[in-house]
Amino acid sequence: MLEYARIEKKDGVDVLEGLRAFLASLMENQVVEAVMVPTRLPYKKVIMQTLIRDPAKLNGVDPLAPVVPTNSARFAAQLTHDETGRSLALVMRPCEIRPFVELVKLKQGRLDNVLMIGMDCLGRYENDDFLSLDKGETSFTMDFYRSMRDGKAAARNNADLAEACKACEHPVAEGVDIRVCIFGEDLDKGLTLEGVTQKGKQALSKAGMAEGQRPGGREQAIQTLLRERTSFRDAWLKEMRERTRDLEGLMDVLGNCINCYNCRVACPVCYCRECVFVTDTFQHDSEQFFRWAEKRGMLKLPTDTIFYHLTRMQHMSTLCVGCGQCTSVCPSDIPVSQLFRSVAEGTQRLFNYEPGRDVKEPIPLGVFYEKEFEEVAAGK
């Protein structure tokens, strides 16, 4: 069994072609029946997660492209929720794998018959920015990685990486069977795949991959990136805490919310089949609005915006992975991710809980422990 496998760039075949050939080998050698992987679709050349059953359809696969149009954790849950008996490879980034692990805990998905392939991640652009930079050409993917490899800024043409990515301290995929190693690599020469679990090592061997070794300089590259990101994260979260230290500040941040609920739809761990905010509970009688307006003298419409966000914070703060999709889809440019992370960091620290860390780790508030808060206060 292979612990490391190597995809060499040779005979004009770049690493993307090598990745496609690897995924094809997984299907052709019956390691898996299908692959879910980011793929360039023929219309608009947009990149979306795609379920591929025919190896001949892998020609547009581009998991290295710096874009995540929507967090695919929910797609992974949909594909694995029911027991189909089908074997499936999931190619995802760390911010997609971690919420999928939480959804598995919540009985929304399964890890049975799943080969988890995790990507090292240098970040993503917002969707519109990516489309304006990429222009449907795969060469942009390699240009981006060369730029990041050489220590150049990701900002270009007035576009920069999503702030959630610049604050992300989880660039390396954990809890996977196979890891696609980007850090420490020169993608103009090749790419290394790491077999993390026995299942992953067996899959690399069955796919007929050439043996490789751990990329030199990998740890140094990871630590350099982590220093940059944690520095940005600390300042970023501090800024939001200062802005929302009282109710007036919170209302100022959320004041232009239009109750579209896009953030709820985009959140990969907001899993409830029925949300209380789209039930009759918040379909108020007409007279109620007039009573509120009479009591206060005026009434902002739509109502319940602050209550909506506070409820989601209470519900999701232990599970938030900081993927940033909530901010990406907000039509009012509210920094939802920055706000939620500023709250979630404290909640997760209180419970010593890191979402997506371990599928066997119980979710806080989902299990009752006698004297739980006494032990938390004592640092146990």
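In strand 3, Ile47 is the bridge partner of Arg40. This contact offers a handy way into the structure, which is a predicted model. Arg40 belongs to strand 2, which pairs with strand 3 (residues 47-52) in the antiparallel sense over 6 bridges. The two strands form a hairpin with 6 residues between them, and in this hairpin Lys44 takes a positive phi near 65°.

Strand 2 has another partner to meet. With strand 4 (residues 88-92), strand 2 pairs in the parallel sense over 3 bridges. Here Val35 stands opposite Ala89 of strand 4. Strand 2 thus pairs in the antiparallel sense with strand 3 and in the parallel sense with strand 4.

Where do the side chains of strand 2 point? In a regular strand, side chains alternate between the two faces of the sheet. Ala34, Met36, Pro38 and Arg40 point one way from strand 2, while Val35, Val37 and Thr39 point the other way. The residues on both sides are all buried. Because 7 of the 7 residues of strand 2 (residues 34-40) are buried, this strand is largely enclosed by the rest of the structure.

The aromatic rings make up a second part of the picture. The count of aromatic pairs comes to 12. One of them joins Tyr125 and Phe144 in an edge-to-face arrangement, with 5.7 Å from centre to centre and 70° between the planes. This pair links distant parts of the chain, as Tyr125 lies in the loop between strand 5 (114-119) and helix 4 (127-134), Phe144 lies in helix 5 (residues 139-149), and the two are 19 residues apart. Are these two rings buried or exposed? Tyr125 has a relative accessible area of 0%, so Tyr125 is buried. Phe144 also counts as buried, because its relative accessibility is 0%.

Another edge-to-face pair is formed by Phe130 and Phe140, at 5.8 Å centre to centre and with 65° between the planes. This pair, too, links distant parts of the chain: Phe130 sits in helix 4 and Phe140 in helix 5, 10 residues apart. A residue is called buried when its relative accessible area is under 20%. Phe130, at 2% relative accessibility, therefore counts as buried, and so does Phe140, at 6%.

Which residues make up the aromatic cluster? Tyr125, Phe130, Phe140 and Phe144 come together with Tyr145 in one aromatic cluster.

Note on methods:
Residues numbered from 1 in each chain as written. Predicted model: local features only at pLDDT ≥ 70, side-chain atom pairs only at ≥ 80, totals over all residues. Heavy atoms only, no water. Buried < 20%, exposed > 50% of the residue type's maximum accessible area, 1.4 Å probe, protein only. Helix = DSSP H or I, 4+ residues; strand = E, 2+ residues; numbered from the N terminus. Pairing = 2+ DSSP bridges. Phe/Tyr/Trp six-rings, centres within 6.5 Å; stacked < 30°, edge-to-face > 60°.
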